[in-house]
Amino acid sequence: MSEKFKLLSNGRLLALPATLAVLDPATEQVIAEVPDCTAELLDTTVRAAQAAFAGWSTTPLPDRAARLQALARRIGEHADELAALLTREQGKPLAMARAEVLGCVHWCRSFAAMALPVAERTDAAGIRWVTQRVPLGVVAAIAPWNFPLSLAVWKLAPALLAGNTVIVKPSPFTPLATLRLGELAADLFPPGVLNVLSGGDALGPMLTAHPGIAKVAFTGSTATGRRVMASAAPTLKHLTLELGGNDAAIVMPDVDVAKVARRLFMGAFLNSGQVCIAAKRIFVHDSIYAAFAAAFVAAARAAPMGPGHQEGVLLGPVQNRPQYERVKDLIAATRDAGHRFLTGGEVPEGPGYFIPPTVVDNPPDDARVVVEEPFGPIVPLLRFSDVDEVVRRANDSEFGLGGSVWSADVGRARAIAGRLQAGTVWINNVHLLDPQSPFAGRKQSGIGAENGIEGLLEFTAIQTLVG
Ligand code: NAD
């Protein structure tokens with residue numbers, strides 16, 4: 001039987017006559033019904049959030065921080081339940097869903113400990129100049145389906161701390177854990193301060209175009225990011241866009257091949273490749289290519305795939321049917337182009353959107369699997385022989401989200417890392433993110449930053465008081 005969820009609008013938990021079905025990607029069965037927010041309810045919610053802004057923006061920052069701490073506690077107390085929901089709707093293994101939930105607790109706590117900077121000086125004429133940061137108004141926080149809960153919390157925590165009111169919109173594919181978060185938070189904030197609205201494809205564009213929204217904080221694909229930017233233009237909304245990536249990993253000849261192959265296997269296939277900062281183009285030095293490929297393929301063949309709630313599973317299904325079809329199409333195009341699979345390349349019949357990890361053997365740089373962001377369990381291994389060449393090839397992308405360099409010579413790896421046109425580059429690591437450090441895409445991977453004080457300031461406007 002499918003469960004019914006409620007959305008949070010102006011402090012009230014509401015079921016609506018119109019609902020959307022949510023599927024378990026491991027079984028393709030309907031597991032829940034969620035409210036399909038109407039234009040009228042969106043309008044009412046925006047007005048309530050605007051009304052709540054007056055009180056919340058003038059609530060002292062330590063009091064706002066205390067509410068965020070209370071939210072962190074509440075999420076922590078319900079970690080098992082939220083993780084189970086995430087696994088059911090998203091497909092990821094339970095241990096990873098739990099890590100996502102605990103990450104939300106850590107993020108809320110870290111933002112609750114931050115302060116907004118104030119700069120003061122008195123000039124030669126004795127005039128006092130004070131520059132402070134003030135909240136913007138109502139923030140729309142739009143999240144994708146790969147890390148539904150953490151990417152919502154990355155937005156709502158700093159937005160609320162800074163004194164904004166928030167409307168969170170999860171992806172229609174993965175709204176459950178986020179709606180449950182809304183229920184859990186309902187009594188922690190004054191009505192209208194935090195709202196969670198679920199809806200179909202029409203809701204996002206209605207939200208980004210709504211004149212009552214001051215800022216859109218968006219994570220999703222680059223294609224949608226362009227639409228969000230266009231839709232925000234008529235009312236000049238503030239924007240943060242965290243978009244797609246096609247991260248290069250550069251493996252130098254001096255590495256421990258077996259160890260790095262195992263690390264990069266998870267770097268590429270964690271969450272079944274549905275990670276914006278997954279290693280999506282793995283450049284391996286010619287002299288170790290064969291050994292690295294063998295170890296990488298061995299890791300792929302040893303990785304248990306299945307429903308996320310099953311003990312020991314490392315790879316879950318792809319999250320939704322359109323993405324499953326896109327990845328299958330990319331596999332077919334790769335085969336049709338005559339490129340060789342080192343493993344994978346065959347997709348079993350359903351039920352469930354399962355695609356075995358697929359590794360492509362040194363396709364040309366203009367192959368679709370190299371140029372596009374696959375966002376699924378397929379990755380190309382690419383040979384290189386010299387550093388200038390690999391840096392040029394790694395930078396030859398419209399994306400600039402992340403990247404990694406692997407070498408026993410950390411100094412050399414750092415020097416290469418600095419030459420990559422990417423917002424975050426890991427040295428002998430991958431995927432590591434921290435609420436204290438900004439995460440920002442370059443080129444068409446985004447605008448602005450999340451996390452760190454820089455991420456917090458994105459939810460504020462500058463106000464200078466003179467005299
Ligand atoms: P998507 O762009 O399809 O959807 C993201 C969200 O936007 C969803 O909530 C969706 O309902 C909503 N949306 C869709 N159309 C909209 C519109 N016109 N106006 C406003 N909202 C709209 O992305 P997705 O498929 O859910 O996620 C996968 C993409 O997200 C990948 O490209 C991935 O790299 C990217 N991503 C980026 C980061 C990052 O931090 N840079 C993190 C995770 C995922």
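**Exercise 1. A salt bridge in the predicted model**

Find the salt-bridge partner of Asp-286 in this predicted model, then place both residues along the chain.

*Solution.*
Step 1. The partner of Asp-286 is Arg-383, and their closest N and O atoms are 2.8 Å apart.
Step 2. Asp-286 sits in the loop between strand S14 (279-285) and helix H10 (289-302), while Arg-383 belongs to strand S17 (residues 378-384). The two are 97 residues apart, so the pair links distant parts of the chain.
Step 3. Check accessibility. Asp-286 has a relative accessible area of 38%, so it is partly exposed. Arg-383 is partly exposed too, at 34%.

**Exercise 2. A second pair**

Locate the salt bridge of Asp-329 and classify both residues as buried, partly exposed or exposed.

*Solution.*
Step 1. Asp-329 pairs with Arg-368. The closest N and O atoms are 3.2 Å apart.
Step 2. Asp-329 lies in helix H11 and Arg-368 in helix H12 (residues 368-371). They are 39 residues apart, and this pair also links distant parts of the chain.
Step 3. Asp-329 has 41% relative accessibility and counts as partly exposed. Arg-368, with a relative accessible area of 34%, is partly exposed.

**Exercise 3. Lys-155 and its partner**

Which residue forms a salt bridge with Lys-155, and are the two buried or exposed?

*Solution.*
Step 1. The partner is Glu-450; the closest N and O atoms are 3.0 Å apart.
Step 2. Lys-155 is in helix H5. Glu-450 is in the loop between strand S22 (446-447) and helix H15 (452-457). The pair therefore ties together parts that are 295 residues apart in sequence.
Step 3. The cut-off for buried is under 20% relative accessible area. Lys-155 has 0%, so it is buried. Glu-450 has 4%, so it counts as buried.
Step 4. Put this in context. The structure holds 21 salt bridges. Glu-28, Arg-321 and Glu-325 are linked in a network of such bridges.

**Exercise 4. The cysteines**

Explain why Cys-104 and Cys-108 do not form a disulfide.

*Solution.*
Step 1. Start with the count: the structure holds zero disulfides.
Step 2. Compare the distance with the cut-off. A disulfide needs the two sulfur atoms within 2.5 Å. The sulfur of Cys-104 is 6.8 Å from that of Cys-108, its closest cysteine sulfur, so the gap is too far for a bond.
Step 3. Look from the other side. The nearest cysteine sulfur to Cys-108 is that of Cys-104, and Cys-108 is in no disulfide.
Step 4. Add accessibility. Cys-104 is buried at 1% relative accessibility, and Cys-108 is buried at 0%.

**Exercise 5. The largest pocket**

Describe the largest pocket: its volume, its lining and its place relative to the domains.

*Solution.*
Step 1. The volume is about 1,200 Å³.
Step 2. The lining has 42 residues; the closest to the centre are Trp-145, Gly-220, Ser-221, Thr-224 and Arg-227.
Step 3. Sort the lining by class: 18 residues are nonpolar, 14 polar and 10 charged.
Step 4. Assign elements. Helix H7 (203-209), strand S11 (215-219), helix H8 (222-232) and helix H11 (321-336) each give at least two residues. H8 has the largest share, seven residues.
Step 5. Domain 1 (3-243 + 445-466) and domain 2 (247-434) both contribute to the lining, so the largest pocket lies between them.
Step 6. Examine Trp-145. It is in the loop between strand S8 (138-142) and H5. With 12% relative accessibility, Trp-145 counts as buried. Its C-alpha is 8.9 Å from that of Asn-320, although the two are 175 residues apart in sequence.

**Exercise 6. The second largest pocket**

Repeat the analysis for the second largest pocket: what is its volume, and which residues lie nearest its centre?

*Solution.*
Step 1. The volume is about 610 Å³.
Step 2. Of the 27 lining residues, Phe-147, Ser-150, Leu-270, His-431 and Leu-433 lie nearest the centre.
Step 3. The classes are 15 nonpolar, seven polar and five charged.
Step 4. Helix H4 (94-112) and helix H5 (148-161) each supply at least two lining residues. The largest share, seven residues, is from H4.
Step 5. Domain 1 and domain 2 both give residues to this lining, so the second largest pocket lies between them.

Definitions and conventions. Residues numbered from 1 in each chain as written. Predicted model: local features only at pLDDT ≥ 70, side-chain atom pairs only at ≥ 80, totals over all residues. Heavy atoms only, no water. Buried < 20%, exposed > 50% of the residue type's maximum accessible area, 1.4 Å probe, protein only. 1 Å grid on protein atoms, 1.4 Å probe; cavity = no way out; pocket = protein on both sides within 12 Å on 5 of 7 lines; lining within 4 Å. Points joined across faces, edges and corners; volume = space filled by probe spheres on them. Helix = DSSP H or I, 4+ residues; strand = E, 2+ residues; numbered from the N terminus. Nonpolar A, V, L, I, M, F, W, Y, C, P; charged D, E, K, R; others polar. Domains from an automatic or database assignment. Salt bridge = Lys/Arg side-chain N within 4 Å of Asp/Glu carboxyl O.
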